[in-house]
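The following exercises are to be worked with the sequence and the coordinates at hand. Each task is followed by a solution in steps.

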Amino acid sequence: MGFHKRHIDKDNIIAYYNRDGIEGLKQLFSADALIIHGDIDTNKIVEYLKDDDEESIRRLVLELVGTKNEVE
């Protein structure tokens, strides 16, 4: 049986959310281990996902998009 890990960064959070909404993020965060790149508050994301808090997830993704655009 394999060990399922995912690398998480702003780009894939934004991509998964844009493609499949909150269900996409639930899929992204469903792994045995998460390897986080950057300064992403994953505790907040997991809390929102557990509560099915679509509005808070949407605001968080918009913040990530804004932060990403500032860097580029």
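**Exercise 1. Serine 30**

Where is the place of serine 30? Determine also how exposed serine 30 is and what it touches.

Solution. The model under study is predicted. Step one is to locate the residue: serine 30 belongs to the loop between helix 1 and strand 2. Step two concerns accessibility. The relative accessibility of serine 30 is 42%; partly exposed covers the range between 20% and 50%, so serine 30 is classed as partly exposed. Step three lists the contacts: with neighbours within four places in sequence set aside, serine 30 is in contact with His4 and Arg6. Step four is a distance: 28 residues separate serine 30 from glycine 2 along the chain, and their C-alpha atoms are 14 Å apart.

**Exercise 2. Phenylalanine 29**

Decide whether phenylalanine 29 counts as buried or exposed, and list its contacts.

Solution. Phenylalanine 29 lies in the loop between helix 1 and strand 2. Its relative accessibility is 11%, and buried means under 20%; therefore phenylalanine 29 counts as buried. Residues up to four places away in sequence are not counted in the next step. Phenylalanine 29 then touches Arg6, Ile8, Ile13, Leu34, Thr42, Ile45, Val46 and Leu49. For one of these, isoleucine 13, the separation along the chain is 16 residues and the C-alpha distance to phenylalanine 29 is 9.4 Å.

**Exercise 3. The largest nonpolar core**

Which residues of the largest nonpolar core touch the most other members, and which helices supply at least two residues of this core?

Solution. The core has 17 residues, and those touching the most other members are Ile13, Leu25, Ile45 and Ile57. Helix 1 (10-28), helix 2 (42-50) and helix 3 (54-71) each supply at least two of its residues. Helix 1 provides the largest share, namely seven residues. Isoleucine 45 may then be examined individually: beyond its neighbours within four places in sequence, isoleucine 45 is in contact with Ile13, Phe29, Ile40, Ile57 and Leu60.

**Exercise 4. The largest pocket**

What is the volume of the largest pocket, and which element gives the most to its lining?

Solution. The volume of the largest pocket is about 200 Å³. Its lining consists of Lys10, Asp39, Ile40, Asp41, Lys44, Tyr48, Ser56, Arg59, Leu60, Glu63, Leu64 and Thr67. The elements giving two or more residues to this lining are helix 2 and helix 3. Helix 3 gives the most, with six residues.

**Exercise 5. Isoleucine 36 and aspartate 20**

Assign isoleucine 36 and aspartate 20 to their elements, and state how exposed isoleucine 36 and aspartate 20 are.

Solution. Isoleucine 36 is part of strand 2 (residues 33-36), while aspartate 20 is part of helix 1. Isoleucine 36 has 32% relative accessibility and so counts as partly exposed. Aspartate 20, at 38%, likewise counts as partly exposed. Excluding residues up to four places away in sequence, isoleucine 36 touches Ile8 and Thr42. The C-alpha atoms of isoleucine 36 and histidine 7 lie 6.0 Å apart, with these positions 29 residues apart along the chain. Aspartate 20 and leucine 60 are 40 residues apart in sequence, with a C-alpha to C-alpha distance of 15 Å.

**Exercise 6. Backbone and rings**

Which sign does phi take at aspartate 52, and how many aromatic pairs are counted?

Solution. Aspartate 52 is situated in the loop between helix 2 and helix 3. Its phi is positive, about 50°, although the residue is not a glycine. Aspartate 52 is partly exposed, with a relative accessible area of 47%. Turning to the rings, with 6.5 Å as the limit between ring centres, the count of aromatic pairs is zero. A charge over a ring can nevertheless be identified: arginine 19 lies over the face of tyrosine 16, at 4.7 Å from the ring centre.

Note on methods. Residues are numbered from 1 along each chain as its sequence is written. This is a predicted model: local features need pLDDT of at least 70, side-chain atom pairs count only at pLDDT 80 or more; totals for chains, interfaces and linings use all residues. Side-chain values use heavy atoms; hydrogens and water are left out. A nonpolar core is a set of buried Ala, Val, Leu, Ile, Met, Phe, Trp, Tyr and Cys residues joined through side-chain atoms within 4.5 Å. Buried means under 20% relative accessible area, exposed over 50%, partly exposed in between (1.4 Å probe, protein chains only). Helices (H or I, at least four residues) and strands (E, at least two) are DSSP runs, numbered from the N terminus. Contact means heavy atoms within 4.5 Å. Rings of Phe, Tyr and Trp (its six-membered ring) pair if their centres lie within 6.5 Å; planes under 30 degrees apart count as stacked, over 60 as edge-to-face and the rest as tilted. A charge sits over a ring if NZ of Lys or CZ of Arg is within 6 Å of the ring centre and within 35 degrees of the ring normal. On a 1 Å grid over the protein atoms alone, a cavity is a set of points where a 1.4 Å probe fits but cannot get out, and a pocket is an open set with protein on both sides within 12 Å along at least five of seven lines; lining residues have an atom within 4 Å of a point. Grid points are joined across faces, edges and corners, and a volume is the space filled by probe spheres set on the points.
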